[in-house]
Amino acid sequence: MSPGTDDLSLPKATVQKIVTEILQPSPGVSFARDARDLLIDCCVEFITLISSEANEIAEKEAKKTIGTEHIDKALRELGFPEYVNEVLASAGEHKEALKTREKKTNKLDQCGLSEAELLRQQEELFKSANEKYNQGHA
């Protein structure tokens, strides 16, 4: 692996699940733990290679954010053009999933009161607290 990537990894259980789903079940055949760890190291190295190249491409274009177009170009320049369509399809699916995902609501949205009503209640609480404070110091 490249220097400085010793602390980078992928979740072992997730990788094992992916391997199990991809490989056809064969009686008496299993995927060894050291093979899984080697696969994880290779994946991390591949991701590092692609992201480093994409970062260089983005920097040459004076961009501060790596976009899918930079990943596309990096894959092609590094000799992996066969991955481009699948990567772009996955990126599109991810983008669509983000659009349809439920947006998180905050407490203000959940309370069901208008902003004017909340401000009125806040003023009442301030007034009540001020009266209690003044009674204690009178």
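This passage walks through the overall build of a predicted protein model, then its third helix and its two largest pockets.

Start with the big picture. The protein chain is built from six helices and has zero strands, so reading from the N terminus simply gives α-α-α-α-α-α. As for its extent, the C-alpha trace spans about 80 × 50 × 35 Å along the principal axes. The radius of gyration tells a similar story: the protein chain comes in at 27 Å, while a compact globule of 138 residues would have a value near 14 Å.

What share of the 138 residues counts as buried? The figure is 13%. The protein chain exposes about 11,500 Å² of surface, and 55% of that is supplied by carbon and sulfur atoms. Contacts add another angle on the fold. Taking those between residues at least 6 apart in sequence, 42% join residues at least 24 apart.

Helix H3 is a handy place to zoom in. Its buried residues are His70, Asp72, Ala74 and Leu75, where buried means under 20% relative accessible area. These buried residues of H3 pack against H2 and H4. Just after H3 comes Gly79, which takes a positive phi of about 90 degrees.

The helices H2, H3 and H4 turn up again around the largest pocket, which holds about 350 Å³ of space. Each of them, H2 (33-60), H3 (68-77) and H4 (84-100), gives two or more residues to the lining. Which element gives the most? That would be H2, with four residues. The full lining consists of Phe46, Ile47, Ile50, Ser51, Ile71, Leu75, Tyr83, Glu86, Val87 and Ser90. Sorted by class, this lining has seven nonpolar residues, two polar ones and one charged. Leu75 plays a part in both pictures, as it is among the buried residues of H3 and also lines the largest pocket.

The second largest pocket has a volume of about 210 Å³. Its lining is made up of Gln16, Val19, Thr20, Leu23, Gln24, Pro25, Ser26, Val29, Ser30 and Phe31. Here the classes split into five nonpolar and five polar residues, with no charged residues. By contrast, the lining of the largest pocket does include one charged residue.

Key:
Residues numbered from 1 in each chain as written. Predicted model: local features only at pLDDT ≥ 70, side-chain atom pairs only at ≥ 80, totals over all residues. Heavy atoms only, no water. 1 Å grid on protein atoms, 1.4 Å probe; cavity = no way out; pocket = protein on both sides within 12 Å on 5 of 7 lines; lining within 4 Å. Points joined across faces, edges and corners; volume = space filled by probe spheres on them. Nonpolar A, V, L, I, M, F, W, Y, C, P; charged D, E, K, R; others polar. Rg over C-alpha atoms; globule rule 2.2 N^0.38 Å. Buried < 20%, exposed > 50% of the residue type's maximum accessible area, 1.4 Å probe, protein only. Contact = heavy atoms within 4.5 Å. Areas by Shrake-Rupley, 256 points an atom, 1.4 Å probe, with all protein chains shown as cover.
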